[in-house]
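This briefing sets out the binding sites and the internal spaces of one structure. It proceeds by topic, beginning with the metal site.

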Amino acid sequence: MVMAKVIAHRGGASWVPENTLAAFRWAAKQGCRWIELDISLLGDGTPVIIHDQRLERTTDSQGALADLSQADLERIDAGSWFAPAFRGERIPTLRQLLQLCADLGLGANLELKPNASNVEALVEATARVLEEAEAVGGPWLFSSFEHQALELMAKRLPSIPRGLLYEGIEAGWRDKAAALGAVSLHLDQALIDPAVISQAKAEGLEVFVYTLNDATRAQALFAAGLAGLFTDDPLLFDPAWRRG
Ligand code: G3P
Ligand code: MG
């Protein structure tokens, strides 16, 4: 099993402010063993957990990540935009996220999102934090739409598995997965041809889909051999699927 059948996307974005520690705690409380999150760099090179390259959608502040340093995180509220009860949530640093996963026994799909930053810088900063983490957590799995990030990570931290992310799958996925030593394909549920699942399995690859918030469609894809799904609402599915 590469990951669980049901993975809390950004922590469970239907219920909690995405990519915050409150979200990941919520996921663990619901019995999830795996979460998905997005890693980007601040302007000072600190890896943090956020999806967009700007603050507007998921915080109370404006501006680009590229213009921030770690000290700025203290004044940015990443919870109250979602609901007043989450006021005071911060954009987590990768270091804080790894510690939380270790404390709660969570596995994490660490999606590398270079956004406006340099791919090499994102990979190096992420690898360093993983190496320096005080708590031994995991398991971890890297993924990225930016396949160069996976190529660099395969050299930098080869023992952490990699999943190949596509919007629409492209010809050449077999060669690319082999070259990157990928263990999985992560595909858009809206674009997937279920036949790809058995083709991937024949190559020794598991298939995961994002972002699926529909139990009926999930049943059909699991019947076609799907390994798991990223969902904003883990509560839609069989609770046992959150565990394995
Ligand atoms: O990792 C699966 C999914 O999160 C990829 O798309 O844009 O939600 O990060 P996005
Ligand atoms: Mg993501």
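Along the chain, the donors of the magnesium ion (ligand 2) follow the spacing E-x1-D-x72-E. The model is a predicted one. In it, the ion is coordinated by Glu36 (OE), Asp38 (OD) and Glu111 (OE), at 2.0 to 2.2 Å.

**Metal site**
- Glutamate 36, which supplies an OE donor to the magnesium ion, has a relative accessible area of 3% and is therefore buried, the limit for that class being under 20%.
- Aspartate 38 coordinates the magnesium ion through OD; with a relative accessible area of 0%, aspartate 38 is buried as well.

**Ligand 1**
- The residues around ligand 1 are His9, Arg10, Glu36, Asp38, His51, Glu111, Lys113, Phe145 and Tyr210.
- Glu36, Asp38 and Glu111 thus appear both around ligand 1 and among the donors of the magnesium ion.
- By class, this shell comprises 2 nonpolar, 2 polar and 5 charged residues.
- The side chain of arginine 10 has an N or O atom 2.8 Å from an oxygen atom of ligand 1.
- For lysine 113, the corresponding distance from a side-chain N or O atom to an oxygen atom of ligand 1 is 3.0 Å.
- For aspartate 38, which is also a donor to the magnesium ion, a side-chain N or O atom lies 3.1 Å from an oxygen atom of ligand 1.
- Ligand 1 taken alone exposes 290 Å², and the protein buries 91% of that area.

**Cavity**
- Rolling a probe the size of a water molecule over the atoms shows where empty space is left.
- A search of the whole structure finds 1 cavity of 30 Å³ or more.
- The largest cavity holds about 50 Å³ of space.
- Its lining is formed by Glu18, Asn19, Thr20, Ile49, Ile50, His51, Thr58, Ala78, Arg90, Ile91 and Pro92.
- This lining divides into 5 nonpolar, 4 polar and 2 charged residues.
- His51 belongs to the lining of the largest cavity and is also one of the residues around ligand 1.

**Pocket**
- The largest pocket contains about 160 Å³ of space.
- The largest pocket is lined by 13 residues, and those nearest its centre are Leu41, Leu65, Ala66, Ala116 and Ser117.
- The lining of the largest pocket has 7 nonpolar and 6 polar residues, with no charged residues, whereas the shell around ligand 1 includes 5 charged residues.

Technical notes. Residues are numbered from 1 along each chain as its sequence is written. Chains are lettered from A and ligands numbered from 1 in the order in which they are written. This is a predicted model: local features need pLDDT of at least 70, side-chain atom pairs count only at pLDDT 80 or more; totals for chains, interfaces and linings use all residues. Side-chain values use heavy atoms; hydrogens and water are left out. A residue is near a molecule or strand if one of its heavy atoms lies within 4 Å of it. A polar contact is a pair of N or O atoms within 3.5 Å; within protein, one must be able to donate a hydrogen and the other to accept it, and residues adjacent in sequence count only if both atoms are side-chain atoms. Accessible areas come from the Shrake-Rupley method with a 1.4 Å probe; for residues, only the protein chains shown count as cover. Ala, Val, Leu, Ile, Met, Phe, Trp, Tyr, Cys and Pro count as nonpolar, Asp, Glu, Lys and Arg as charged, and the others, Gly among them, as polar. On a 1 Å grid over the protein atoms alone, a cavity is a set of points where a 1.4 Å probe fits but cannot get out, and a pocket is an open set with protein on both sides within 12 Å along at least five of seven lines; lining residues have an atom within 4 Å of a point. Grid points are joined across faces, edges and corners, and a volume is the space filled by probe spheres set on the points. Donors are N, O and S atoms within 2.8 Å of the metal (3.2 Å for Na, K and Ca); water is not among the atoms, so sites may look incomplete. Buried means under 20% relative accessible area, exposed over 50%, partly exposed in between (1.4 Å probe, protein chains only).
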